[in-house]
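Subject: Structure handover

Hi there,

Here is the structure I promised to pass on to you. Have a look at it first, and then read on for my notes.

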Number of protein chains: 2
Amino acid sequence: MPTYKAPVEDVMFLLNDVFGIERYGNLPGFSDLSPDTLEAILSEAAKLCEEVLQPLNRVGDLEGCKRHEDGRVTTPKGFKEAYEAYRSGGWMGLSVPEEYGGQNLPATINAVMQEFVSAANLSFGMYPGLTQGAVAAILVHGSNEIKQKFLPKMIEGAWSGTMNLTEPHCGTDLGLLKTKAVPQGDGSYKISGTKIFISAGEHDLTENIVHLVLARIEGAPQGTKGISLFVVPKLKVNADGSLGGPNGVSCGSIEHKMGIHGNSTCVMNYDDATGYLIGEANKGLNAMFVMMNEARLAVGIQGLGLSEVAYQNAAVYAKDRLQGRALTGTKFPDKPADPIIVHPDIRRILLSVKSFNEAARALVLWTALRADVLHRSGDAKARQTSDDHLGLMTPVIKGVLTDKGFENAVMAQQVYGGHGYIAEWGMEQFVRDARIAMIYEGANGIQALDLVGRKLPRDGGRAVMAFFSEVEGFLKEHASDEAMKPYVAPLKTAFGHLQQATMWFMQNAMGKPDNAGAGSADYMHLFGLVALGYMWALMAKSAQAKLAAAANGAEDRLKTKLLTGRFFMERMLPESAAHLARISSGAATMMDVPMESF
Amino acid sequence: MPTYKAPVEDVMFLLNDVFGIERYGNLPGFSDLSPDTLEAILSEAAKLCEEVLQPLNRVGDLEGCKRHEDGRVTTPKGFKEAYEAYRSGGWMGLSVPEEYGGQNLPATINAVMQEFVSAANLSFGMYPGLTQGAVAAILVHGSNEIKQKFLPKMIEGAWSGTMNLTEPHCGTDLGLLKTKAVPQGDGSYKISGTKIFISAGEHDLTENIVHLVLARIEGAPQGTKGISLFVVPKLKVNADGSLGGPNGVSCGSIEHKMGIHGNSTCVMNYDDATGYLIGEANKGLNAMFVMMNEARLAVGIQGLGLSEVAYQNAAVYAKDRLQGRALTGTKFPDKPADPIIVHPDIRRILLSVKSFNEAARALVLWTALRADVLHRSGDAKARQTSDDHLGLMTPVIKGVLTDKGFENAVMAQQVYGGHGYIAEWGMEQFVRDARIAMIYEGANGIQALDLVGRKLPRDGGRAVMAFFSEVEGFLKEHASDEAMKPYVAPLKTAFGHLQQATMWFMQNAMGKPDNAGAGSADYMHLFGLVALGYMWALMAKSAQAKLAAAANGAEDRLKTKLLTGRFFMERMLPESAAHLARISSGAATMMDVPMESF
C-alpha cells in the first residue's frame with residue numbers, strides 16, 4: 001500500500017529561504033505568519049492529508065461512487081468522515097475573507113494545501129476544490145445578496161460547489177452551448193439543458209450543492225457572446241437562508257472512467273431549475289474565467305501532487321527491493337542482492353521526477369505569492385505586474401505540471417517492474433488519476449494556445465518581457481559567480497532557445513497563425529523548462545548561501561538539493577534545443593497532408 | 001466504440017517496394033509468396049482481426065478473467081469462439097515447420113499477424129503468442145521425444161504454452177529463484193515452487209497447458225548457473241500422447257491489474273508437479289532466451305499495434321468532432337464548427353503517432369526478414385550478419401516501440417478531450433493495455449542495459465559497426481540527391497549524434513560502468529531514432545521512385561507518405577541532440593546523491 005509524507009520541510013525552505021515570505025508581511029493575512037506559525041499550519045495540513053485522506057485513496061478507487069435509482073449518489077466509504085475532518089478543520093475557507101467565515105490566510109498557503117491534498121487523495125480533494133473555485137467566482141461576480149446567501153454555507157463546508165460548462169456536443173468550443181435560461185418575473189431564471197463531465201455533480205458529502213451553470217438566456221446572441229453564468233442550487237434556498245424543496249436538477253448518470261473513481265463525474269440534467277444570474281448577462285464567460293483560472297492553477301498543482309506521491313513511493317521501493325548487484329560491484333554483501341537504487345538507471349528515473357517536483361513546487365509558490373499580491377496589495381503597479389505574471393504562468397503551470405506529472409507517475413511506476421502494473425501496489429492508480437489533469441480545465445493543447453495566442457501578445461508582450469528581463473537580470477548578476485556556473489550556464493542556453501522561439505513566432509506566426517498552433521505545445525514546454533530552470537537557479541543560490549552558513553546538520557539535505565538541481569540542469573534542460581527545432585520547423589508539412597489521408 | 005482496420009496496404013508497400021521480398025525467393029517458405037498470395041494471406045489475417053478479435057477487446061476489458069473456487073479460470077465471453085477461429089485458421093503454426101503441422105511461411109508474415117492481433121485485441125493475442133514462444137523454445141532445445149509429444153498439439157492449438165520465470169522475490173534477477181526440481185528415477189523431475197505474473201497461466205481455451213518453468217535442480221550451483229528449464233504440462237501426457245490425470249500445477253489466484261484484463265495473469269503453484277528437462281541441466285537460461293528473444297520482438301510489436309489502433313481511432317475522431325474554427329478562418333461554413341483536424345496541434349499529435357508507426361512497422365519487418373534469413377538461409381555469412389542484426393535490434397524494438405507505443409496511445413487519447421477519459425470510448429483501455437508492454441519480457445531499463453552492456457560490445461562491436469556502415473553507405477550514396485535532402489540531412493545529423501554517443505561510451509564507460517548505466521535509456525532511444533529515421537529514408541526513396549512512375553491513382557498516398565516522413569525528420573529526429581547531451585553528462589551527479597536522501 002502506498003504511503004505519503006507531505007513535503008513540509010521543502011515548502012519551508014522555499015517560503016522562508018528562497019522567496020522570503022517575510023517580505024510580504026505588509027499584506028493582509030501575512031502579518032502573523034512567523035516561521036513557527038507557518039510550520040504549525042503546514043504540519044496540521046500534513047497530518048490531515050497523511051493520516052485521514054491518503055488511507056482512503058485506494059478505497060475510493062476500488063469502491064467508486066454509486067448512483068442509486070432515485071438519483072442520489074453515494075461516495076466511497078470513509079469519505080463523509082474525511083470530509084467532516086477537512087471541513088471542521090477550517091481548510092475550506094483557508095484564504096477566504098473573514099467576512100464570510102474564512103481565515104484570510106494567504107492563497108499561497110492554500111496552494112500548499114492543494115498539493116498535499118492532491119497527493120494524498122485527488123478524488124477526495126476535488127470535492128472541496130470545486131467549492132473553492134465556485135466561492136472565488138461568487139466572491140468576484142456575485143451580487144451582495146447572492147454572496148450573503150451562499151458564501152457562508154459554502155465556506156463552512158455545509159454546501160459544496162460545482163462548475164457546469166461542458167455539454168455533449170461542446171467542450172472547448174463553449175460558443176456552441178445550448179442550455180437555456182428563461183427569465184421569470186422575479187429576477188430568477190428557469191434553466192434547462194444537459195451538462196456532462198460535472199465533477200462532484202452529485203454526492204452525499206454536503207446538505208446542498210451549489211451549481212454554477214453556463215447557459216444562454218432566451219434571445220441572447222449566438223456564440224460565446226450570448227453566454228451567462230447562473231447559480232443553481234440543488235435544493236432551493238429560502239429567503240432566510242434555510243433549505244427549501246428540490247430544484248429541477250438531477251444527476252442522470254455517472255461516468256465510467258479511467259481514474260479518479262472516488263469523485264462522481266456526473267451527467268447533470270436541468271429541467272426548469274431555478275437559477276440566479278451571476279455577473280452581467282451575456283458575460284458569463286468572464287465570470288467563469290475567474291473560476292477557471294483558479295481551477296487551472298489548482299489542476300497544475302494536482303499534477304505536482306501526483307508526481308510527488310508517485311516519487312516518494314518509488315524511492316521507498318527502490319531502497320527496499322533487492323535485485324541484482326551494482327554495476328561497480330556488490331554494495332550490500334550481507335544481503336542476497338543489492339537494493340535497486342544502486343543502479344544508475346533507477347536513480348535517473350528517481351532524480352528526473354524529484355528534480356522536476358522541487359522546481360515545480362517552487363514555480364507554484366512563486367506564482368501563488370503573486371496571486372496574493374494581486375488580491376491583497378495596495379500598490380497598483382505591484383498588482384499589475386502580479387496579474388501579468390499570473391496570466392502568463394497559469395497555462396504553463398497547468399499544461400507543463402500535468403503533462404510532466406503524468407509522465408513522472410508513469411516513470412515512478414516503472415521502478416516497480418511488474419508490481420507497478422498490479423493494483424494492490426497503488427502505482428497504477430496514480431497513473432490513471434494523473435491522466436485526467438492533462439484533460440480537464442482546458443486540455444493542455446488549449447493551454448498552449450492560450451499561452452502563445454493570448455498571453456504572449458497581451459499588452460504588447462508586457463508580461464513575457466517582464467519575465468525575460470527578470471531571468472536576464474539573474475543571469476547577468478551571476479555571470480561570473482563560479483559556484484553558480486553549473487546552474488547559470490545551462491539556464492542561459494535554454495533561455496536563449498526560448499528567446500529565439502519567441503522571436504520566431506513574432507516573425508513567422510503573426511500572418512500565419514498555423515505556425516503558432518504548430519509550435520504551441522513545444523513552446524509551452526520550452527517555457528516551462530526555462531521557468532523551472534530559473535527556479536533551480538534561485539534554489540541553488542539559496543542552498544549555497546545556507547550551506548555556507550550551516551552548522552546545523554542540514555548539510556546533507558542542502559548538498560542533495562544542489563545535486564538535484566545539477567541533475568535538472570544536465571538532464572532536463574537539454575530538451576530546449578529540440579523544442580526550438582520543432583517550433584521553427586513550422587506548420588507547412590503538417591498542413592499539407594490532405595485531411596482524408598489521416 | 002473503437003474500430004480497427006489492419007494496415008495491409010502499408011505492409012504491402014514495405015514488403016514489396018521498400019524491402020523487395022522477392023529477393024528472398026530462394027529461402028524456404030518464401031518461394032510461393034507472389035504479391036497476390038501475400039495480399040490474400042494478409043487480407044485473411046485482417047479479416048479475423050477486424051471482425052472477430054477487435055469486437056471482443058472491450059468485452060475482455062470489462063469482464064476480465066475469473067478464477068473459480070476449484071482453481072479453474074474462465075476467459076471473457078466470446079474468447080473461446082475467437083480462439084477456435086484463430087486456431088482453425090492455422091495461424092498458430094504460420095511460420096512453424098511443416099513437420100509438426102505448421103505452414104512454414106516466413107516469420108515476417110507472422111510478425112505482421114502479431115501486429116494486427118495486438119492492435120485488435122492484445123489480451124486475446126497473448127494466449128496464442130505465448131504458445132508460439134513456447135513452441136520456439138521447444139523446437140530449438142527440446143529432445144526429439146519432447147518435440148513429438150508436445151509440438152503437434154501446440155501448433156494445432158489444442159494445447160497452449162506459458163513462460164514461468166518470475167517469483168515473488170525475483171524478476172529481473174533470476175539468479176535468486178527458488179523453485180526446486182527433484183530428479184526422479186525415470187528421467188523426470190518433481191517441480192515445486194511459486195511463480196507469479198504468469199500470463200495465460202490458467203484458462204479455458206485449450207484442453208491442456210504446457211508450462212515452461214525455470215527451476216533449480218537439487219544441488220545445483222547458486223545463481224544463474226544453476227537454473228534449468230522444464231516442461232510441465234497442466235494435465236499429464238501419456239506415452240501415446242493422450243491426456244492423463246492432473247499434474248501438481250494450479251492457479252492460486254489471478255492478479256488485479258491496470259489493463260490486459262482479458263488475459264489471466266496467474267500466481268502458479270507447483271507442488272511436486274512432474275516436469276521434463278528441456279536442453280541441458282543448469283543451462284536453462286540459454287534455452288529460455290530463445291523464447292525471450294522471440295517474445296521481446298513480439299512485445300515490441302505489441303507497442304506498435306496499440307499505437308496504430310489508437311492512432312486510427314484518434315484520426316477518425318479528429319475528422320468527426322466539430323469544435324471551434326480553423327486559426328486561418330472557417331473551413332466548413334455549412335457546419336456549426338470545423339472538425340478539429342483543421343488545428344495544427346491536433347495534426348501535430350496525429351502525425352507524431354502516424355510517422356512513428358510507419359517507421360516502426362518498417363523496422364519490425366526489416367528485422368523480421370533477418371530472422372528468416374537466420375533460420376532459413378544456407379549461407380553462413382548471411383546467417384551471421386542476420387544474427388548480429390537481430391541481437392542488436394531486439395532490445396531497441398522492445399524498448400523503443402513499447403515506450404513510444406504507450407506515449408502514442410496517451411497522445412491519441414488526448415485528441416478526444418474529456419471523452420478520452422471515459423471508458424466507453426475505448427481510448428483509455430489502449431493506454432492501460434499498452435502500459436504493460438514497457439514492463440514485461442524485461443522492463444525497458446533492462447533492454448537498454450542489454451543494448452549498451454552486451455549487444456554493443458559483442459564480438460568487438462561487429463553488429464553495431466555493420467549497422468553504422470549500412471547507414472553511412474546510404475548517406476554517402478544520396479549525399480547529392482536533391483530530392484532526398486529533407487530526409488538525408490536530418491538523418492546525417494542524428495546519426496552523427498549516435499556515433500558521438502557510442503564513442504563517448506567507449507571512452508568513458510569501459511572503466512566506469514555507471515556511465516553506461518546512466519546513459520543507457522537515452523542511448524536506446526537515440527539508437528531507435530536513428531534506426532527509425534533510416535527506415536524513413538528508405539521509405540522516402542521507394543515512395544519517390546514509385547511516385548515518379550505512378551499513373552495509378554496512388555499519388556495522394558505516396559505524397560502523404562513523403563510528408564509523413566518529412567514530419568518525422570523535422571519533429572522527431574531533433575531529439576537526438578538532447579539524448580547525446582544527457583548521455584555525455586555521465587553518472588557523477590546521480591551517484592553522488594546519498595541513498596538516504598532519496
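**What turned up**

Helix H10 of chain A, residues 427-437, is mostly covered, with 11 of its 11 residues buried. The buried residues of H10(A) include A:Met427, A:Phe430, A:Val431 and A:Ile436. Charged side chains are on that list too, among them A:Glu428, A:Arg432, A:Asp433 and A:Arg435. Please keep in mind that this is a predicted model.

**How the copies relate**

A rotation of 180° with 0.0 Å of shift along its axis puts chain B onto chain A, at an RMSD of 0.0 Å. The two copies are thus related as by a two-fold rotation axis. The interface fits in with this topic: 100% of the interface residues of chain B are interface residues in chain A as well, so the copies meet through the same surface.

For a look at one residue in contact with the other chain, go to B:Glu575, which belongs to helix H16 (residues 575-584) of chain B. Its relative accessibility is 14%, and because buried means under 20%, B:Glu575 counts as buried. The side chain of B:Glu575 makes a polar contact of 3.4 Å with that of A:Arg582. Apart from neighbours within four places in sequence, B:Glu575 is in contact with A:Glu575, A:Ala578 and A:Arg582 from chain A, and with B:Leu529 and B:Arg582 from chain B.

**Domains of chain A**

Chain A is divided into domain 1 (8-141), domain 2 (159-283) and domain 3 (461-590). The centres of domain 2 and domain 3 of chain A, taken over C-alpha atoms, are 42 Å apart.

**Aromatic rings**

You may enjoy this part: over all chains, the structure holds 39 aromatic pairs. In one of them, the ring centres of A:Tyr86 and A:Phe124 are 6.1 Å apart and the planes stand at 65°, so the pair is edge-to-face. A:Tyr86 sits in helix H4 (residues 79-88) of chain A and A:Phe124 in helix H5 (residues 107-141) of chain A, so this pair ties together parts that are 38 residues apart in sequence. Both partners are buried: A:Tyr86 has a relative accessible area of 4%, and A:Phe124 has a relative accessibility of 0%.

In chain B, the rings of B:Phe150 and B:Trp159 have their centres 6.0 Å apart and their planes at 65°, so this pair is edge-to-face. B:Phe150 and B:Trp159 are both buried.

Ring pairs also build a cluster in chain A, with A:Trp366, A:Phe467, A:Phe468, A:Phe474 and A:Phe495 among its members. A:Trp504, A:Phe505, A:Tyr523, A:Phe527 and A:Tyr534 belong to the cluster too. One of these rings has a charge over it: the charged end of A:Arg370 sits over the ring of A:Trp366, 5.1 Å from its centre. In chain B, B:Arg435 lies over the face of B:Phe406, 5.6 Å from the ring centre.

**A buried alanine**

Lastly, which residues does B:Ala287 contact, leaving aside its neighbours within four places in sequence? They are B:Ala137, B:His141, B:Leu229 and B:Ile278. B:Ala287 is part of helix H7 (residues 284-320) of chain B and counts as buried at 1% relative accessibility. Although B:Ala287 and B:His141 are 146 residues apart in sequence, their C-alpha atoms are 6.2 Å apart in space.

Best wishes

How values were computed:
Residues numbered from 1 in each chain as written. Chains lettered and ligands numbered in written order. Predicted model: local features only at pLDDT ≥ 70, side-chain atom pairs only at ≥ 80, totals over all residues. Heavy atoms only, no water. Domains from an automatic or database assignment. Helix = DSSP H or I, 4+ residues; strand = E, 2+ residues; numbered from the N terminus. Buried < 20%, exposed > 50% of the residue type's maximum accessible area, 1.4 Å probe, protein only. Polar contact = N/O pair within 3.5 Å; in protein donor to acceptor, adjacent residues only side chain to side chain. Contact = heavy atoms within 4.5 Å. Least-squares fit on C-alpha atoms with pLDDT ≥ 70 in both. Phe/Tyr/Trp six-rings, centres within 6.5 Å; stacked < 30°, edge-to-face > 60°. Lys NZ or Arg CZ within 6 Å of the ring centre and 35° of its normal.
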